[in-house]
Amino acid sequence: MTGGGIAAIIAAVALLILVLFIGLVLVNASKTLSEINRSMAVITRDVDLISHEAEGIMANANELLEDVNGKVATIDPLFQAVADLSESTSDLNQATRRLAGRVNHTGKSRNTGKVATAMNVGKGAMNMYKNHKVKNK
């Protein structure tokens, strides 16, 4: 064998090793791609199921929200009535306190003498009526 023949054999062996290495890489890449395809199919199916369930949940949530809004609208006048009643009660309490304060204040200072005089006049009138009744018998 000559030097050129040995070089050709070495080149052929190197080319064969290169082709085998590229073949192994392509086989592994093919396996990886098929796994990716299977994973994508599973992920797509799962996403479709999740999307379908999410649509159902959203529909239920919308129905529930409409129901709650309807019930809130129903009891809203009740809350308004309670608020109005509370305000009226507060106003009544305040007016009662003012009236009691006025009665206390005026009763002690001005009307005590007048009330006592009116009572004395009333007693006198009753005595006169009793005396008149006794005389007429």
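Colleague: Is Ile-22 buried, partly exposed or exposed in this model?
Modeller: This is a predicted model, and Ile-22 has a place in helix α1. Its relative accessibility comes to 42%. Buried means under 20% and exposed means over 50%. Because 42% falls in between, Ile-22 counts as partly exposed.

Colleague: Which residues make the nonpolar surface patch, and what is its area?
Modeller: Ile-22 is one of the residues in the patch. The others are Leu-15, Leu-18, Val-19, Phe-21, Val-25 and Leu-26. Together these residues make a nonpolar patch of about 680 Å².

Colleague: How many helices and strands does the chain have?
Modeller: Helix α1 covers residues 3–109. The count for the chain is two helices and zero strands.

Colleague: What percentage of the chain's residues is buried?
Modeller: A residue must have under 20% relative accessible area to be called buried. The chain has 137 residues, and its accessible surface comes to about 12,200 Å². The buried share of those residues is 0%.

Colleague: What is the distance between the closest N and O atoms of Glu-35 and Arg-38?
Modeller: Side chains of opposite charge can pair when their charged atoms come close. Glu-35 and Arg-38 both lie in helix α1, three residues apart, which is about one turn of the helix. Glu-35 is partly exposed, because its relative accessibility is 41%. The two residues form a salt bridge, with the closest N and O atoms apart by 2.5 Å.

Colleague: Which residue forms a salt bridge with Lys-71?
Modeller: The partner lies in helix α1 as Lys-71 does, four residues apart, about one turn of the helix. The closest N and O atoms of the pair are 3.3 Å apart. At 37% relative accessibility the partner counts as partly exposed, and this residue is Asp-67.

Notes: Residues are numbered from 1 along each chain as its sequence is written. This is a predicted model: local features need pLDDT of at least 70, side-chain atom pairs count only at pLDDT 80 or more; totals for chains, interfaces and linings use all residues. Side-chain values use heavy atoms; hydrogens and water are left out. Patches are made of residues with over 30% relative accessible area and no salt bridge: like charges are joined within 9 Å, nonpolar side chains (Val, Leu, Ile, Met, Phe, Trp, Tyr) within 5 Å. Accessible areas come from the Shrake-Rupley method with a 1.4 Å probe; for residues, only the protein chains shown count as cover. A salt bridge is a side-chain nitrogen of Lys or Arg within 4 Å of a carboxyl oxygen of Asp or Glu. Buried means under 20% relative accessible area, exposed over 50%, partly exposed in between (1.4 Å probe, protein chains only).
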